[in-house]
Amino acid sequence: CLRNEIQILINYIATSTKSHKFFLEKEHDNDICFLDTILNYATHDEMNSQVNFMQETNGQGVKPLFSTRDEDVEFKKLLWTSVLYLMRDQDNKEAHRHLIAKNFVNSVLMYIDPNNSSLSTYRWQPPQLKEIQIHGLSILSTLLTLVPEHFHELCGHQTLIKFLSSYNDY
């Protein structure tokens, strides 16, 4: 899928900390930076699916951006990896502010929260969900060292404990 191939190239660029400033640049004051665009895509389905996507209010609601096809699972993982690469510089506090503002950590925690009942996590097949959970845990293992206060504000440590207590790998 061309979209995924382009995201792979973006990830290659994001591995260099010298490129990170370009992800935060805006051409005009009203524009959003490229990092925010990545974060919007990376969190869209999770932040817009409290119970289900299409609410019963006059057919209005937010449609999921991604399906449960394998290429969409891969794209989600590629987006999350981009975010990780762009956050790894512990001195890049501006990028960390964007991460917090866009609820990225909360979006990832949704996949490991056993009490989460949103459609964004329940729509995946068990092997897909497991793949997303494993990738999410890997991402969180780095992010929680960069934004530890935010992680605790979200009770991420409690969510991790609940996940580990209830997870069954059979």
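**Exercise 1. The nonpolar core**

Task: Find which residues touch the most other members of the largest nonpolar core, and which element gives the largest share of this core.

Solution. Begin with the core itself: in this predicted model, the largest nonpolar core holds 35 residues, and those that touch the most other members are L35, L99, F104 and L143. Next, turn to the elements that give two or more residues to this core, which are α1 (2-14), α2 (20-24), α3 (34-47), α4 (70-87), α5 (93-101), α6 (104-110) and α8 (126-146). Among these, α4 provides the largest share, with 8 residues. As background, nonpolar side chains in soluble globular proteins tend to be buried together.

A further step is to take one of these core residues, F104, and list what surrounds it. When residues up to four places away in sequence are not counted, F104 touches L39, A42, T43, W80, V83, L99, I139 and L143.

**Exercise 2. Helix α3**

Task: Describe the span of α3, state where its kink is centred, and say which of its residues are buried.

Solution. Start with the span: α3 has 14 residues, and the distance from its first C-alpha to its last is 19 Å, close to the 20 Å expected at 1.5 Å a residue. Then look for a bend along the helix, and a kink of about 35° appears in α3, centred on Y41.

For burial, the residues of α3 that count as buried are L35, D36, I38, L39, A42, T43, H44, D45 and E46. Their cover includes α1, α2, α4, α5, α6 and α7 (119-122). T37, which also lies in helix α3, is partly exposed because its relative accessible area of 24% falls between the limits of 20% and 50%. Across space, the C-alpha atoms of T37 and F23 are 9.4 Å apart, while the two residues are 14 apart in sequence.

**Exercise 3. Two histidines**

Task: Are H98 and H135 buried or exposed, and which residues are they in contact with?

Solution. Take H98, which is placed in helix α5. Its relative accessible area is 14%, so H98 is buried, given that the cut-off is under 20%. Once its neighbours within four places in sequence are left aside, H98 is in contact with L24, C33, L35, D36 and L39.

Now take H135, whose place is in helix α8. At 18% relative accessibility, H135 likewise counts as buried, and, with neighbours within four places in sequence again left aside, H135 is in contact with K77, W80 and T81.

In helix α8 there is also T145, which counts as exposed at 54% relative accessibility. T145 and Q90 are 55 residues apart in sequence, yet their C-alpha atoms are 8.8 Å apart in space.

**Exercise 4. The faces of α10**

Task: Which residues of α10 are buried, which are exposed on the other side, and why do the buried residues line one face of the helix?

Solution. First collect the buried residues of helix α10 (residues 156-166), which are G156, T159 and F163. Seen down the helix axis, these buried residues fall within an arc of 60°, and therefore they line one face of α10. The general background is that an α-helix has 3.6 residues a turn, so residues three or four places apart point the same way.

Then consider the other side of α10, where I161, L164 and S165 are exposed. Finally, ask what the buried residues meet: they pack against α6, α8 and α9 (148-153).

**Exercise 5. Positive phi values and cysteines**

Task: State where N103 and C155 are found, and how many disulfides the structure holds.

Solution. N103 is found in the loop between α5 and α6, and although N103 is not a glycine, its phi is positive, at about 60°. With a relative accessible area of 32%, N103 is partly exposed.

C155 lies in the loop between α9 and α10, and its phi is near 60°, a positive value in a residue other than glycine. At 32% relative accessibility, C155 counts as partly exposed.

For the last step, recall that a disulfide is a covalent bond between the sulfur atoms of two cysteines. The structure holds 0 disulfides. One of its cysteines, C1, is exposed, with a relative accessible area of 52%.

Methods
Residues are numbered from 1 along each chain as its sequence is written. This is a predicted model: local features need pLDDT of at least 70, side-chain atom pairs count only at pLDDT 80 or more; totals for chains, interfaces and linings use all residues. Side-chain values use heavy atoms; hydrogens and water are left out. A nonpolar core is a set of buried Ala, Val, Leu, Ile, Met, Phe, Trp, Tyr and Cys residues joined through side-chain atoms within 4.5 Å. Buried means under 20% relative accessible area, exposed over 50%, partly exposed in between (1.4 Å probe, protein chains only). Helices (H or I, at least four residues) and strands (E, at least two) are DSSP runs, numbered from the N terminus. Contact means heavy atoms within 4.5 Å. The expected span of a helix is 1.5 Å times one less than its number of residues. The bend at a residue is the angle between axes fitted to the seven residues ending there and the seven starting there. A disulfide is a pair of cysteine sulfur atoms within 2.5 Å. The arc is that of the directions from the helix axis to the C-beta atoms.
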